[in-house]
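Trainee: Hi! Could we go through this structure together?
Mentor: Sure, let's take a look.
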Amino acid sequence: MSFLRRRSAPTPAGPDFDVLAMDPGDWPGVLGAGLLPAPDGSCQGVILRYDLFGGRGPAMVIGNLPEGSPARELGEGEMPFEVLHLLEALGLEEEVRATDTEEIPVMHEDSLLIVRRVKCSETRVSCVQFDRSDNVLVTIASWDRPITDDLYRLLKPLPAELFQQQ
């Protein structure tokens, strides 16, 4: 599958990996994107925020974090970066903890993904994670909507042009 391969460009103009997400044209709301820069200027991740609530806050955050990204390092009970970003964007200041994880198999096109469902102390948060073959960790955090297997069928690599410098 093409989204599992690392891109290489002569001059970096964004992430050096394909960003797996829902295409903005497939989403009925507003899409926002942000890069997590490292001190050396490299990209330590791409966070996409999908707003389905008409400007009242995000419904979903999808993160793509390459191997070595500090945002991947979690302590016991800590929530993924994407969940914290979602809660901050919604203006929720209560502490949310990871209470359990469960691994489930999910088909994505012709590939089998082992998806980790992260259970949260805040029951309105849904969170799943899976590793791609290029060691990019994809995390999906959703507010007040369960993450179903149908969502995985919508995931595809976004065009590199979205992340090129103008």
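Mentor: First, a bit of vocabulary: helices (H or I, at least four residues) and strands (E, at least two) are DSSP runs, numbered from the N terminus, and two strands pair if DSSP finds at least two bridges between them. This is a predicted model, where local features need pLDDT of at least 70 and side-chain atom pairs count only at pLDDT 80 or more, while totals for chains, interfaces and linings use all residues. Residues are numbered from 1 along each chain as its sequence is written, and side-chain values use heavy atoms, with hydrogens and water left out.

Trainee: Cool. In the hairpin of E5 and E6, which residue takes a positive phi?
Mentor: That is Glu109, with a phi near 55 degrees, in a hairpin that has 2 residues between the strands. E5 and E6 pair in the antiparallel sense over 10 bridges, and Val106 stands opposite Leu113 in E6.

Trainee: And how many bridges do E6 and E7 pair over?
Mentor: E6 and E7 have 3 bridges, also in the antiparallel sense. The hairpin joining E6 to E7 runs through 4 residues, and Val118 has Cys127 in E7 as its bridge partner.

Trainee: Oh, a cysteine! How many disulfides are there?
Mentor: The count is 0 disulfides, a disulfide being a pair of cysteine sulfur atoms within 2.5 Å. For Cys127, the nearest cysteine sulfur belongs to Cys120, 5.7 Å away.

Trainee: Is Cys127 buried or exposed?
Mentor: Cys127 is buried, at a relative accessible area of 2%. Buried means under 20% relative accessible area, exposed over 50%, and partly exposed in between (1.4 Å probe, protein chains only).

Trainee: New topic: where does Arg97 lie?
Mentor: Arg97 sits in the loop between helix H1 (81-90) and strand E5 (98-108). Arg97 is partly exposed, at 35% relative accessibility.

Trainee: What does the side chain of Arg97 reach?
Mentor: The Arg97 side chain reaches the backbone oxygen of Glu76 at 3.0 Å. Arg97 and Gly77 are 20 residues apart in sequence, yet their C-alpha atoms are 5.4 Å apart in space.

Trainee: Last one: which residues touch the most other members of the largest nonpolar core?
Mentor: Among them are Tyr50, Met60, Phe130 and Ile140, in a core of 28 residues. A nonpolar core is a set of buried Ala, Val, Leu, Ile, Met, Phe, Trp, Tyr and Cys residues joined through side-chain atoms within 4.5 Å.

Trainee: Which strand gives the most to this core?
Mentor: E3 does, with 4 residues.

Notes. A polar contact is a pair of N or O atoms within 3.5 Å; within protein, one must be able to donate a hydrogen and the other to accept it, and residues adjacent in sequence count only if both atoms are side-chain atoms.
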